[in-house]
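User: Could you take me through one part of this structure slowly? I'd like a close look at how two of the helices pack against each other, and at what surrounds them.

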Amino acid sequence: GVSQDKVAAAEEYRLAADQGDADAEANLGVMYENGEGVARDSSEAMKWYRRAAKQGNAVAQNNLGVMYANGVGVLKDEIEAMAWYNISAASGSDRAAKNRASLEGRLGSQAALAAQQRAKEILNEIEAAKVRQTAPSSSPTTTGVATAEPKSSGSGVIVSAQGYVLTAAHVVAGADSIKVVTAEGTRTATVLRIDEANDVAV
């Protein structure tokens with residue numbers, strides 16, 4: 001049977017993780033990845049690793065890279081993996097530095113450059129999210145900035161690890177600006193391709 005100690009540990013980690021403790025989030029991710037004290041669930045492991053990684057937890061950052069490198073709980077994306085190894089190594093992880101060197105040796109310098117660029121993007125996204133979280137929530141009247149209501153809105157599906165979103169053409173046709181709202185925040189998007197005949201856009 002499952003060790004009661006591990007079940008209790010998973011519960012403790014969950015309580016702390018729900019309060020935003022990065023170490024607990026990382027540990028909970030490990031438990032989900034390995035099925036210790038909880039049912040093995042790669043997607044749940046990814047969720048907790050990602051939360052901890054965004055708070056600067058080097059172990060979670062490395063583990064996130066491993067998940068991307070192996071395509072476990074997420075679509076395989078070796079550039080994304082190397083980007084997280086870069087971030088984790090910068091946070092002081094020797095293991096991530098070794099993982100990065102191994103991947104770089106196999107994929108080459110062009111991939112390494114792309115991963116460095118992606119790492120910068122990730123760090124910028126994390127910083128932007130922190131600013132959003134710490135910014136005082138004030139009404140438009142006090143800031144003097146009114147948020148314009150969207151002319152149209154619709155749903156879409158994220159169809160790639162790079163964040164491409166498939167939506168209906170009529171949702172984005174003729175738009176001055178496009179915002180994508182996800183659980184992780186709001187991003188500005190651009191239309192890559194539009195097929196009005198089939199009412200599809202990316």
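Analyst: Let's start with what an axis is: a line fitted to C-alpha atoms, for helices over the stretch in contact, with angles running from 0 to 180 degrees between N-to-C directions. Helices here are DSSP runs of H or I with at least four residues, strands are runs of E with at least two, and both are numbered from the N terminus. Keep in mind that this is a predicted model, where local features need pLDDT of at least 70, side-chain atom pairs count only at pLDDT 80 or more, and totals for chains, interfaces and linings use all residues. Residues are numbered from 1 along each chain as its sequence is written, and side-chain values use heavy atoms, leaving out hydrogens and water.

The protein chain has 9 helices and 6 strands, and our pair is α4 and α5. Their axes lie 8 Å apart, at an angle of about 165°. Angles under 35 degrees count as roughly parallel, over 145 as roughly antiparallel, 65 to 115 as roughly perpendicular and the rest as oblique, so α4 and α5 are roughly antiparallel to each other. The crossing of α4 with α5 is left-handed, meaning that the near helix is turned anticlockwise from the far one by less than a right angle (clockwise would be right-handed).

Who touches whom? Contact means heavy atoms within 4.5 Å. On the α4 side you'll find A58, Q61, N62, L64, G65, V66, Y68 and A69, and α5 brings E78, E80, A81, W84, Y85, I87 and S88. Sorted by class, that's 9 nonpolar, 4 polar and 2 charged residues. Here Ala, Val, Leu, Ile, Met, Phe, Trp, Tyr, Cys and Pro count as nonpolar, Asp, Glu, Lys and Arg as charged, and the others, Gly among them, as polar.

Now zoom in on L64 and W84. These two have the most contacts inside the largest nonpolar core, which has 34 residues. Such a core is a set of buried Ala, Val, Leu, Ile, Met, Phe, Trp, Tyr and Cys residues joined through side-chain atoms within 4.5 Å; buried means under 20% relative accessible area, exposed over 50%, partly exposed in between (1.4 Å probe, protein chains only). The largest share of this core, 7 residues, comes from α5. Beyond its neighbours within four places in sequence, L64 is in contact with M46, Y49, R50, A53 and W84.

For the wider setting, buried residues make up 32% of the 202 residues in the protein chain.
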